[in-house]
Amino acid sequence: MDGGGAGGDPRSGPPRRFPVAAVDGILRDVLGSCLREQPYEPARCRDMAADMAEVIKARVKDLVVPRYKIVVVTHIGQLNDQSMQIGSRCLWDPASDTFSSYVFKNTSLFALANVYAVYFE
């Protein structure tokens, strides 16, 4: 009896690799269109970070890549001669799990969006 459903044995990895290039395009499009002319305003940017994460997640899910769990993290900060270090750690399988990342800057703000795609066996 095959316990893997339509995709076969789930331990064999994903039948289709996660489309990182397509997700890179989604990140560029969403951050660019939402923030191109946006000045840094703390309250507005907080809301925009959450809204952009939802839009990115929906567009990535529209790619319909089965068995991948999607995590989207967005950050927006003010450009003001300071630096920020952002780190993340995950336990994952490099053969099937992956991520996409994009940094956007305009004259007053920067934004970082990360999409983590973890294959669910």
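Two exercises with worked solutions follow, on the sheet and on helix 2 of a predicted model.

Residues are numbered from 1 along each chain as its sequence is written. In this predicted model, local features need pLDDT of at least 70 and side-chain atom pairs count only at pLDDT 80 or more, while totals for chains, interfaces and linings use all residues, and side-chain values use heavy atoms, without hydrogens and water.

**Exercise 1.** Determine the order of the strands in the sheet and state which strands stand at the edges.

*Solution.* Strands are DSSP runs of E with at least two residues, and helices runs of H or I with at least four, numbered from the N terminus; two strands pair if DSSP finds at least two bridges between them. The three strands form an open sheet in the order 1-3-2, with antiparallel pairing. Strand 1 (68-78) and strand 2 (98-105) each have a single partner strand, so one side of each is left without a neighbour in the sheet. Eight bridges join strand 2 to the antiparallel strand 3 (residues 109-119), and across this pair valine 103 stands opposite leucine 112.

**Exercise 2.** Establish how the buried residues of helix 2 are arranged around its axis, and what they pack against.

*Solution.* With buried meaning under 20% relative accessible area, exposed over 50%, and partly exposed in between (1.4 Å probe, protein chains only), the buried residues of helix 2 are Cys45, Met48, Ala49, Met52, Ala53, Ile56 and Val60. Seen down the helix axis, these residues fall within an arc of 140°, so they line one face of helix 2; the arc is that of the directions from the axis to the C-beta atoms. Arg46 and Lys61, on the other side of helix 2, are exposed. The buried residues pack against helix 1, strand 1 and strand 3, where contact means heavy atoms within 4.5 Å.
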